[in-house]
Amino acid sequence: MLTLYFAPGSCAMAPRFALAYAGADYTLIRMNLGDGEQQRPEHLARNPLGRVPVLVDDDFVLTENLAILRYIARRFPQAALWPDDPKEEARCLELMALCATALHPTMAHERKPQRYAHAPESRIDVAAVARETLASLTMVIERRIAAWDAARKVAQRGIASNDAVERFTVADFYLAFFWLFRPGASYALPASVPITDDDRTPAWTALARRVYALPCIRDICMADGLRQPGPPSALDNIAVPGE
Ligand SMILES: N[C@@H](CCC(=O)N[C@@H](CS)C(=O)NCC(=O)O)C(=O)O
């Protein structure tokens, strides 16, 4: 039996999206991070770092989004959540690594500087430096997504038109989650306020729009009160560099 330990609005949304898209039969255990449920002994036994997501497959306990998302892609091969082409696969992994090792930790430095410095003035500095890093990191990710899009479009040109359905990878779900929290996004606003486009990140926005248009993902966002993209704008038609 498959179980996902998760918290609404956390990075555990990415594996939740992937499981929903794959049509997986799984149990969802909601944890209240605000109440410190992740620090209880029973959860620390699953993840000594006291974090979500944790995926449990019978007696196999797995932590870390990178590993969990890859495992879901392997576990549900019919969902084709992992690219076959070596270069596409490498790009997919590159983007997931950027999320896991650069974007997410830098966001933590900005939002929880108390974890990284003792003195109040040092915390202010940690958050300020993280904000600067996030601004440049956002543009690195944007360019990588645009390059990946170009590669995916090239790959799809080789497919007979009736098979050229829109494909999603676990990286799309990971990136779509972080799109909600990218610098400049007002993640603290209520779910009823749609998210508007960000003209600095057209490729990332277009990716997020494709993911949040999926009915299975939309249902999850509604259930968890997550903000969603507003109506499409001209940004959706922005040409992919290299096309
Ligand atoms: N590197 C981990 C990070 C997991 C992580 O930081 N999860 C956050 C939610 S986004 C969490 O559990 N926070 C609880 C806490 O900080 O106490 C992964 O990608 O799975």
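**Note on the predicted model: fold, a buried helix and the ligand site**

1. Read along the sequence, the elements of the protein chain follow the order β-α-β-α-β-β-α-α-α-α-α-α. The chain thus described contains eight helices and four strands. The reader should bear in mind that this is a predicted model.

2. The protein chain has 243 residues, and 45% of them count as buried. Its exposed surface amounts to about 12,300 Å², of which carbon and sulfur atoms supply 55%. As for contacts along the chain, among those between residues at least 6 apart in sequence, 64% join residues at least 24 apart.

3. Helix H7 spans residues 202-212 and deserves separate attention. Why may helix H7 be described as largely enclosed by the rest of the structure? Ten of its eleven residues are buried, so the description is justified. The buried residues of H7 are Pro202, Ala203, Trp204, Thr205, Ala206, Leu207, Ala208, Arg209, Val211 and Tyr212.

4. Asp172 belongs to helix H6, which covers residues 170-179. Is Asp172 buried or exposed? Its relative accessible area is 2%, and because buried means under 20%, Asp172 is buried.

5. The surroundings of Asp172 can be described further. A polar atom of the Asp172 side chain lies 2.7 Å from the backbone nitrogen of Thr169. Leaving aside residues up to four places away in sequence, Asp172 touches Trp148, Arg152, Arg167, Leu207 and Val211. Of these, Leu207 and Val211 are among the buried residues of H7, and Asp172 itself is part of H6.

6. The ligand sits in the largest pocket. Which residues come nearest to the ligand? There are 14 residues around the ligand, and Gln38, Val52, Glu64, Asn65 and Arg115 come nearest.

7. Three of these residues may be examined through their polar atoms. A polar backbone atom of Val52 is 2.8 Å from a nitrogen atom of the ligand. For Asn65, a polar backbone atom is 2.9 Å from an oxygen atom of the ligand. Arg115, by contrast, takes part through its side chain: a polar atom there lies 2.8 Å from an oxygen atom of the ligand. On its own, the ligand has 510 Å² of accessible area, and the protein covers 85% of this.

How values were computed: Residues numbered from 1 in each chain as written. Predicted model: local features only at pLDDT ≥ 70, side-chain atom pairs only at ≥ 80, totals over all residues. Heavy atoms only, no water. Helix = DSSP H or I, 4+ residues; strand = E, 2+ residues; numbered from the N terminus. Buried < 20%, exposed > 50% of the residue type's maximum accessible area, 1.4 Å probe, protein only. Polar contact = N/O pair within 3.5 Å; in protein donor to acceptor, adjacent residues only side chain to side chain. Contact = heavy atoms within 4.5 Å. Areas by Shrake-Rupley, 256 points an atom, 1.4 Å probe, with all protein chains shown as cover. Near = heavy atom within 4 Å. 1 Å grid on protein atoms, 1.4 Å probe; cavity = no way out; pocket = protein on both sides within 12 Å on 5 of 7 lines; lining within 4 Å. Sits in = over half its atoms within 2 Å of the grid points.
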